[in-house]
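Subject: Structure handover and findings

Hello,

Here is the structure for you to take over. My notes on it follow below.

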Amino acid sequence: MLKIGCHVGMSGKEMMLGSVKDAIRVGANTFMLYTGAPQNTKRKDVSELRIEEARALMKEHGIEDFVVHAPYIINLANCVKQETFDIAVQFLEVELQRTQAMGSSVLVLHPGSHVGEGVEAGVNQIAKGLNQVLTKDMKVTVALETMAGKGSEIGRSFEELAMIYDKVVYQDKLRVCFDTCHVNDAGYDIVHDFDGVMEQFDRLIGKDQIAVFHMNDSKNEKGAGKDRHENFGFGHIGFDAMMYIMNHPDFMHVPKILESPFVKDLEDAKKSYEPYAHEIAMIRSGVFNPNMLDEIRP
């Protein structure tokens, strides 16, 4: 069974319960959320997240699992400012605890940026941080996200992710989040040779390590290194290549999460519209709808 979902919010009085309702509303059977704002460390106590009600609603609608995304402010690769690294380690530990309390087994994490100190130094720092928070008995795995190659970010190649694996003590607590836009922008030909790309990944890390896919089309050509998402099927990766990955038999059990941009209003630049219900319906139909963006706009 295809596990297809999207990023949903978690705010207001309903918190996680509202997240589940949003997923159901757009026709998803899995979803991804942040445990709080991705730009800061402010978090409500887990007792306020309405977890039991959310889990009950998930069960009622046959939603078995979901994914948590760590906030962008966590940068384990920073080896210039000790304070930044220390905050990253401390907050990652908190996010792992919150992820487990909410009932997810996967926390997606951007590996981080070495801020000019070089890949080797950044990788060593990431591994150092992970070794401080990963424990033998923990129930949550950290899924390192494949990155597009902007600036000094680490994870733009499978080799860089493999380097992190090699330096982590509890490697069984690591997984990978495979972002299609990022991998395309990093230079991998997933449009014409996805299986060849996966052979590379399998040799270096193991395709069984992919815990979640971020199913994002790209506004950029292969190798652009820019990381600009496009709506499903409307970018340089395209509908056919995206659907090949979506329905690949090796990954049918892996959650596929949409992080598509909202569709902008043609007359009012301040207005935009959520695309997920339309995208999920199109994906389930298996037929590209070239008019979808127009249909999303009121």
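Please keep in mind that this is a predicted model. I start at the end of a helix. Helix α3 is followed by G103, and the phi of G103 is positive, near 100°.

The helix itself checks out. α3 covers residues 82-102, which makes 21 residues. At 1.5 Å a residue it should span 30 Å, and its end C-alpha atoms are 30 Å apart, so the two agree. Its buried residues are F85, A88, V89, F91, L92, E95, L96, R98, T99 and M102. Two charged residues stand in that list, E95 and R98. Their side chains meet in a salt bridge, with N to O at 3.8 Å. They are three residues apart in α3, so about one helical turn separates them. E95 has 0% relative accessibility and therefore counts as buried. R98 is at 7%, so it counts as buried too.

The barrel

Eight strands close into a barrel. The order is β1-β2-β3-β4-β5-β6-β7-β10, and the pairing is parallel. From one strand to the next, the twist averages 30°.

Two of the pairings in detail. β1 (residues 4-7) pairs with β2 (residues 30-33) in the parallel sense, over three bridges. In that pair, G5 stands opposite T30 of β2. β4 (residues 106-109) pairs with β5, also in the parallel sense, over four bridges. There, L107 stands opposite V142 of β5.

How enclosed is β5? Five of its five residues are buried, so the rest of the structure largely encloses it. Both of its faces are covered. T141, A143 and E145 are buried on one side, and V142 and L144 are buried on the other. Helix α5 (residues 158-167) lies across β5 (141-145) and β6 (174-179). α5 runs at about 165° to β6.

Salt bridges

The structure holds 13 salt bridges. The E95 and R98 pair in α3 has been described above. Here are some others.

- K3 and D65: their side chains meet at 2.8 Å, N to O. K3 lies in the segment before β1, and D65 lies in the loop between α2 (51-60) and β3 (67-69), so the pair ties together parts that are 62 residues apart in sequence. K3 has 12% relative accessibility, which is under the 20% cut-off, so it counts as buried. D65 has a relative accessible area of 25% and is therefore partly exposed.
- R50 and E53: this bridge also has N to O at 2.8 Å. R50 is at 29% relative accessibility, so it counts as partly exposed. E53 is at 40% and is partly exposed as well.
- D22, R25 and E274: these residues are linked in a network of salt bridges.

Two serines

Is S218 buried or exposed? S218 is buried, because its relative accessible area is 0%. It is found in strand β8 (residues 217-218). The side chain of S218 reaches the backbone nitrogen of N220 at 3.0 Å. Leaving aside residues up to four places away in sequence, S218 touches C181, N184, D185, R228, E230, G235, H236 and I237.

S11 is placed in the loop between β1 and α1 (16-25). S11 has 58% relative accessibility, so it counts as exposed. S11 and G36 are 25 residues apart in sequence. In space they are 7.9 Å apart, C-alpha to C-alpha.

In brief

Parallel strands close into a barrel. β5 is largely enclosed, because five of its five residues are buried. α3 agrees with its expected span of 30 Å. The K3 and D65 bridge ties together parts 62 residues apart in sequence. S218 is buried at 0%, while S11 is exposed at 58%.

Over to you.

Best regards

Methods:
Residues are numbered from 1 along each chain as its sequence is written. This is a predicted model: local features need pLDDT of at least 70, side-chain atom pairs count only at pLDDT 80 or more; totals for chains, interfaces and linings use all residues. Side-chain values use heavy atoms; hydrogens and water are left out. The expected span of a helix is 1.5 Å times one less than its number of residues. Buried means under 20% relative accessible area, exposed over 50%, partly exposed in between (1.4 Å probe, protein chains only). Two strands pair if DSSP finds at least two bridges between them. Axes are lines fitted to C-alpha atoms, for helices over the stretch in contact, and angles run from 0 to 180 degrees between N-to-C directions. Contact means heavy atoms within 4.5 Å. A polar contact is a pair of N or O atoms within 3.5 Å; within protein, one must be able to donate a hydrogen and the other to accept it, and residues adjacent in sequence count only if both atoms are side-chain atoms. A salt bridge is a side-chain nitrogen of Lys or Arg within 4 Å of a carboxyl oxygen of Asp or Glu.
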